[in-house]
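Colleague: Hi, have you got a few minutes to walk me through this one? I'd like to get my bearings before I head back to the bench.

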Amino acid sequence: MKFNFLSLILLLVCSLFSCKDDKDETGVNEAFIGGEIVNPNSNYIVFKKADVPLDTVFLNSENRFSYKLSNFEPGFFGFFDGREYQNILVEPNDNLLLRLNTIDFDESLVFTGKGARENNFLMELYLKNEKDDENILGLGQKDAEEFDSIFRESRDLKLKKLEKLKAKYNTSPFFNEIAEKSINYEYYAHKELYPLANYKISELDAFNSLPEDFYDYRENIDYNDEDLKDYSPYVSFLRFHFNNIALQKHFSHSKDSEYNKLDLHYNLDKLELIDKYVSNEDIKNNLLKFVISQFITFSKNTEHYDAILESFKNKSTNLEDIKVSTQFINSYKRLKPGNRLPQITLLDNKDKEINLNELIKKPTVVYFWSKKNKNHLIYSHKRVKELNVKYPEFNFIAINVDSISYKEQVRILKRNEVRINNEYRFKSPKQSKLTLSVKPIQKVFILNKNGEIVNAKANMFGIVFEQELLGVLNQ
């Protein structure tokens, strides 16, 4: 039945688009994307370009959708199903049908129609790259030559498959170039990671032991590739690359010999190098935003925030990024250990307003959840159920961050088969998330019996979390 449906849609699409020559005589670029989502996470699909939402397309009663692109530049378009994100390469006159099962999102994603061969090849690359990534820590203990040989062989096999595809199907020059670059940048990314993956010696010693030609490809890096700016292998490579060259620079003017990703001066070096080498505003701004976001999310040294913010503001041209980063930094300054939580109004199960601080009458853990992150919703509640038994001295407070009613809140929790206990929601979600810097959603507050912050960035799944709880009880 599914085959017949897809075949029928494909025929209809072909009648709309493919009756013309491949070259669009009107000069207007058009393409079609449709398909079926099995076990959908939501009733919609969001299409994006350069991380900017283009359209929200709703699924029909059979969990199918269709979307038409007009007057577009060929390249990568993202689609988001409410929980996960993936890229699609779209060229003029493509008629793409996709099918995926959200239980195995990436592994189940397959395409049919015009443009399918290219996208299936890129998905195969993506999955193979994930496996290569999983192996890197184990292979990082090998010497540099053997490490390079293993990943170079993997790269060469991918390039051979690409050559076969090009020869058999006469794929477009645009796709050929993107696929080849993608394969090479993934290989380069592994080489950039090598000094950090080798835990037998310090990172400084790892750099010093590398062959002279290990990073020869750096001379040919395109830091401003417009076609790849939204494609994960290229973006990941650039992040790893700047991590690496910033660390080398940091070692050259400091006494450090080991990698500390939260060192202020290392992160300032990284911002400087991005500003030096990248001129494309989109690529530069996204790299700069990633650096400062990682720093303020994980660093507890609030006294370093002003320095990194000032450097960021001098380099980024994205005013919204600067505004958001400034707001988060100001929030985190208010949330340093020893302070009390800001005044936040919650709603209880009867829609009665209550101040968050009024709930803190003994050692407390405050955690957050969203209907948009199903896995975290389930695992956080299950984890708290375990912790509640082990640490009855603590109060565990769950706060939903969505704009929903208590009735919907309960429905979501029941649907996901988690215990409903001590559940609240923000009265003003947008402002409250900003005030408490609820980013990422996994962050947890640990508070002592006096309502003072012990840790505003705790991780209940981390190996030191229970030690932190014991530390509060022993105060």
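**Helices, salt bridges and sheets**

Modeller: Happy to! Let's start with a helix pair: α12 and α15 cross in a right-handed way. Please keep in mind that this is a predicted model.

Colleague: Which residues of α12 and α15 make that contact?

Modeller: From α12 there are Arg383, Leu387 and Lys390, and from α15 there are Phe465, Glu466 and Leu469. By class, that contact has three nonpolar and three charged residues, with no polar ones.

Colleague: And at what angle do the axes of α12 and α15 cross?

Modeller: Roughly 35°, with the axes coming within 13 Å. Here α12 covers residues 374-390 and α15 covers residues 465-473.

Colleague: Back to the charged residues. What do the side chains of Glu466 and Lys390 do?

Modeller: They meet in a salt bridge, at 2.8 Å from N to O. Glu466 sits in α15 and Lys390 in α12, so this pair links distant parts of the chain, 76 residues apart.

Colleague: Which residues share a network with them?

Modeller: Arg383, Glu386, Lys390 and Glu466 are joined into one network by salt bridges that share partners. Lys390 itself is partly exposed, with a relative accessible area of 48%.

Colleague: How many salt bridges does the structure hold?

Modeller: There are 28. One of them brings together the side chains of Asp282 and Lys229, at 2.7 Å from N to O. Asp282 is in helix α9 (residues 281-298), while Lys229 is in the loop between α6 and α7, and the two are 53 residues apart.

Colleague: Is Lys229 buried or exposed?

Modeller: Lys229 counts as buried because its relative accessible area is 15%, which is under the 20% cut-off. Its partner Asp282 is partly exposed, at 38%.

Colleague: Any other pair you'd point out?

Modeller: Lys371 and Glu408 are worth a look: their side chains form a salt bridge at 3.5 Å, N to O. Lys371 lies in the loop between β11 and α12, and Glu408 lies in helix α13, so the pair ties together parts that are 37 residues apart in sequence. Lys371 is partly exposed, with a relative accessible area of 39%, and Glu408 is also partly exposed, at 22%.

Colleague: Switching to sheets now. What is the strand order in the open sheet of seven strands?

Modeller: The order is β10-β9-β13-β12-β11-β14-β15, and the pairing is mixed. The edge strands are β10 (353-355) and β15 (453-458), each pairing on one side only. From one strand to the next, the twist averages 30°.

Colleague: Where does α12 touch that sheet?

Modeller: It packs on the sheet against β11, β12 and β13, and its direction makes about 160° with that of β11.

Colleague: How many bridges join β9 to β10?

Modeller: Three, and the two strands run antiparallel. Within that pairing, Leu347 stands opposite Glu353 in β10.

Colleague: What about the sheet with four strands, how is that one ordered?

Modeller: That is also an open sheet, ordered β3-β2-β5-β6, with antiparallel pairing. At its edges are β3 (52-58) and β6 (85-90). Neighbouring strands there are turned by 30° against each other on average, direction ignored.

Colleague: And which residue is the bridge partner of Phe79 in β6?

Modeller: That's Gln86. Six bridges in total join β5 (residues 75-80) to β6.

Colleague: Great, thanks, I'll go and find those in the viewer!

Methods: Residues are numbered from 1 along each chain as its sequence is written. This is a predicted model: local features need pLDDT of at least 70, side-chain atom pairs count only at pLDDT 80 or more; totals for chains, interfaces and linings use all residues. Side-chain values use heavy atoms; hydrogens and water are left out. Axes are lines fitted to C-alpha atoms, for helices over the stretch in contact, and angles run from 0 to 180 degrees between N-to-C directions. A crossing is left-handed if the near helix is turned anticlockwise from the far one by less than a right angle, and right-handed if clockwise. Contact means heavy atoms within 4.5 Å. Ala, Val, Leu, Ile, Met, Phe, Trp, Tyr, Cys and Pro count as nonpolar, Asp, Glu, Lys and Arg as charged, and the others, Gly among them, as polar. A salt bridge is a side-chain nitrogen of Lys or Arg within 4 Å of a carboxyl oxygen of Asp or Glu. Buried means under 20% relative accessible area, exposed over 50%, partly exposed in between (1.4 Å probe, protein chains only). Two strands pair if DSSP finds at least two bridges between them.
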